[in-house]
Amino acid sequence: MVTDLNLELLTLMMRIRMVEEEIAREYPKGEMRCPTHLSIGQEAVPAALGLCVSIKDMAMSTHRGHAHYIGKGGNLKSMIAEIYGKSTGCSKGKGGSMHLIDNSVGFMGTSAIVGNSIPVGVGLALASKIRKTEQISCIFFGDGATEEGSYYESVNFAVVKKLPVLFLCENNLYSVYSPLNVRQPEGRKISTVAKAMGLGVDEVDGNNAIESFKSIESAVQRIQNNQGPQFIEFSTYRWLEHCGVNYDNDIGYRTEEEYLRWKKNDPISKLKDKLLQEKLISEVQIKEIIAKIEFEIKEAFAFAKESSFPENSEAYIGEYAI
Amino acid sequence: MQSNNREITFATAINEAIHETMAANDNVICYGLGVTDPKAVFDTTKNLEQKFGSERVFDMPTSENAMTGIAVGASLNGLIPLMTHQRLDFFLLAMDQLINSASKWHYMFGSQQSVPITIRLILGRGWGQGPTHSQNLQAWFAHMPGLKVVMPTTPEDAKGLLTASILDPNPVVFLEHRWLHNVKGFVPEGFYSKPIGKAKKVKSGIDVTIVTMSYMTIEALHAVEYLEKMGISCDVIDLLTIRPIDWDSIFNSVKVTGRILALDTGFTTGSVAGEIIARVSMDCFDFLKCKPSRLAMPDMPEPTSPALTKGFYVRASDIVIAVIQMLGKDFSMVKNDLPEPIPHDIPGDWFKGPF
Ligand SMILES: Cc1ncc(C[n+]2csc(CCOP(=O)(O)OP(=O)(O)O)c2C)c(N)n1
Ligand SMILES: [Mg+2]
């Protein structure tokens with residue numbers, strides 16, 4: 001593992017975190033008028049994926065898609081503008097936070113319907129195989145999505161056809177406020193089921209950026225070596241409420257203790273402290289990174305706020321492709 | 001059914017209906033994503049698990065289609081399942097079980113068994129819900145033989161009709177508009193039910209018949225208040241059930257007024273309002289004094305940006321204009337008198353988003 005990569009991972013995770021934190025600060029003003037799901041605490045996996053694959057590879061994501069979009073290299077200004085409902089947004093204000101897209105970097109879209117983007121991701125891989133484009137399709141989804149029929153149906157087809165798909169399951173233990181144990185039998189792992197269905201499988205600490213990177217890197221290699229679709233289960237945790245920007249440990253669906261335990265396992269501090277300890281990075285360097293990201297975020301938010309709203313008539317345009 | 005002067009919200013009325021019906025019938029079970037979580041589906045499922053236990057009231061996997069089929073099976077073996085979904089859009093995954101199993105069972109197997117399930121779906125508009133969190137697809141359900149589709153407006157009707165829906169021997173889709181959940185009204189205490197398939201006249205008038213449903217009734221009542229000041233009176237019929245539709249109530253009204261405006265919260269093409277116009281045109285043609293009219297949502301996905309939803313929704317002013325046009329009078333002042341509220345995309349100050 002080269003230092004550059006460590007640094008890139010750290011920088012990308014910090015970038016994702018700081019963008020989300022800025023959204024959280026601005027959101028209460030009521031100008032971002034759409035449901036918004038943040039990934040604070042879950043930055044390692046999107047960062048690792050982004051650094052493992054090229055922009056010709058494709059990614060599909062979910063309602064919780066900001067981090068995946070940024071990780072894959074999506075344009076920050078367009079994303080923030082989209083959340084503000086502006087005409088310069090990546091979906092021209094039609095989609096909002098839950099409908100992000102940046103085709104120029106292979107970020108193919110997100111869905112607000114759980115499980116909805118999984119088969120679409122498999123379809124991307126089918127086209128890649130038939131058209132011999134050698135692109136990998138990376139599909140992000142949560143633990144909840146593995147309860148949908150479309151997940152099993154999609155996995156089955158991907159295995160049958162040996163498609164170049166990387167299934168990335170970020171298990172954060174909850175679907176909205178429903179804990180895993182009221183939805184799936186205790187003791188049965190999502191990855192075990194995935195393996196039984198014929199996927200190559202790995203299971204990794206999703207708050208450990210380096211481990212996540214290594215796991216993704218080797219899965220990508222297996223896909224490229226024609227070993228069929230691969231699956232990785234990442235254990236992780238979202239810090240804030242399911243939808244919105246507040247802490248909600250007080251409402252009673254999870255304990256403060258559980259939250260604090262996970263917060264201690266912060267993917268960013270963990271990597272940062274390690275790199276500092278090993279003297280692979282200095283405090284000065286970190287300050288520089290922060291300053292650079294802060295500048296970029298300021299620019300993106302200024303761009304979004306200054307951008308004009310779409311013309312009202314735009315609402316009635318776009319039903320069909322011409 | 002005791003009468004009294006107790007005002008409660010639509011959401012509380014729903015909660016009471018479930019409590020009363022579960023207490024009255026041990027076979028009723030209630031499940032859905034989030035029904036036992038701290039937010040209790042906008043408080044509509046509050047305290048159910050505490051009262052009736054976790055065998056009868058439970059959260060579920062994110063598995064809408066299978067869980068609907070499971071409701072069908074449970075109902076065939078003696079239970080009375082009530083399912084809840086926080087958005088109609090999420091339930092689209094379960095269309096197979098609803099349409100190919102639930103709605104057909106009684107007919108297809110020679111009337112031996114029916115499927116007494118009730119599916120509560122919440123639909124809405126506004127505040128960035130966007131293309132896949134705001135769809136008012138009631139016409140899809142109303143299209144389907146074998147289903148009953150209920151879509152109440154007031155808390156009192158919501159409570160009585162939910163009770164009736166749960167205890168009805170057929171599959172019922174029960175649609176709640178999110179913008180109604182905080183609306184208050186007088187609601188009797190205790191168990192009572194109201195008949196499915198009966199519309200309600202919420203305003204009597206002689207000039208125009210307005211047929212409406214769910215949240216559109218609120219906009220219609222604002223419109224009628226304005227029209228009354230102009231000396232125009234409307235017969236307002238709140239459908240309450242959109243399958244089967246209470247045609248007699250509609251026809252009887254149109255025979256008096258000779259004019260019909262049908263309102264809908266869904267897309268215009270293929271809407272329930274369109275069906276009403278068709279039937280009225282066929283069955284009351286001789287009584288009509290002017291061409292019928294309808295107001296529904298644009299035939300476009302609902303966009304997310306607040307800039308794009310300005311003027312997108314049918315509001316009281318649109319209804320007023322449509323009525324005045326039918327009477328051939330001047331409507332130039334209406335847009336001034338009834339401007340779009342600011343912000344235009346929330347039902348009231350109580351609504352802080354996101355749902
Ligand atoms: C089909 C469907 N059912 C329910 C919902 C409501 N919903 C939105 S996000 C979500 C949580 C899904 O959990 P998971 O897949 O673990 O993702 P996470 O939110 O934890 O990232 C649910 C149930 C939905 N959007 N679509
Ligand atoms: Mg989850």
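A polar contact, for today, is a pair of N or O atoms within 3.5 Å; within protein, one has to be able to donate a hydrogen and the other to accept it, and residues adjacent in sequence count only if both atoms are side-chain atoms. With that rule, chain B and chain A share 14 residue pairs in polar contact, both residues at pLDDT 80 or more.

Some housekeeping, then. This is a predicted model, so to speak of local features we need pLDDT of at least 70, side-chain atom pairs count only at pLDDT 80 or more, and totals for chains, interfaces and linings use all residues. Residues are numbered from 1 along each chain as its sequence is written, chains are lettered from A and ligands numbered from 1 in the order in which they are written, and side-chain values use heavy atoms, with hydrogens and water left out.

OK, staying with the two chains. Going by contact, meaning heavy atoms within 4.5 Å, 37 residues of chain B touch 36 residues of chain A. Together the chains bury about 2,900 Å², and 61% of that is on carbon and sulfur atoms. Buried area here is the accessible area, with a 1.4 Å probe, that two parts lose on being put together, summed over both.

How many salt bridges cross the interface of chain B and chain A? The rule, a side-chain nitrogen of Lys or Arg within 4 Å of a carboxyl oxygen of Asp or Glu, finds one. A:Arg33 pairs with B:Asp345 in a salt bridge, with 2.6 Å between the closest N and O atoms.

Which elements of chain B give two or more residues to the side that touches chain A? Those are α5 (88–91) and α13 (306–309); helices (H or I, at least four residues) and strands (E, at least two) are DSSP runs, numbered from the N terminus. The largest share, three residues, comes from α13(B). By class, that side of chain B has 19 nonpolar, 10 polar and eight charged residues. In that split, Ala, Val, Leu, Ile, Met, Phe, Trp, Tyr, Cys and Pro are nonpolar, Asp, Glu, Lys and Arg are charged, and the others, Gly among them, are polar.

Now the ligand. Ligand 1 has 20 residues around it, the closest being A:His63, A:Arg64, A:Ala112, A:Gly144 and B:Glu64; to count, a residue needs a heavy atom within 4 Å. Those surrounding residues come from chains A and B, so the site is shared between chains. On the chain A side, polar side-chain atoms of A:Asp143 and A:Asn172 each lie 2.9 Å from an oxygen atom of ligand 1. From A:Tyr174 it's a polar backbone atom, 2.9 Å from an oxygen atom of the ligand.

Last stop, inside chain B. An automatic or database domain assignment sets the bounds: domain 1 is 9–186 and domain 2 is 200–335. Their centres, taken over C-alpha atoms, are 27 Å apart. In chain B, 29 residues of domain 1 contact 28 residues of domain 2, and the two domains bury about 2,300 Å² between them, 57% of it on carbon and sulfur atoms. B:Arg125, B:Met151 and B:Thr153 supply 27% of the area that domain 1 buries against domain 2, more than any other three residues.

B:Arg125 turns up again in a salt bridge with B:Glu219, closest N and O atoms 3.4 Å apart. Between these domains the counts are two salt bridges and 17 residue pairs in polar contact, both at pLDDT 80 or more.
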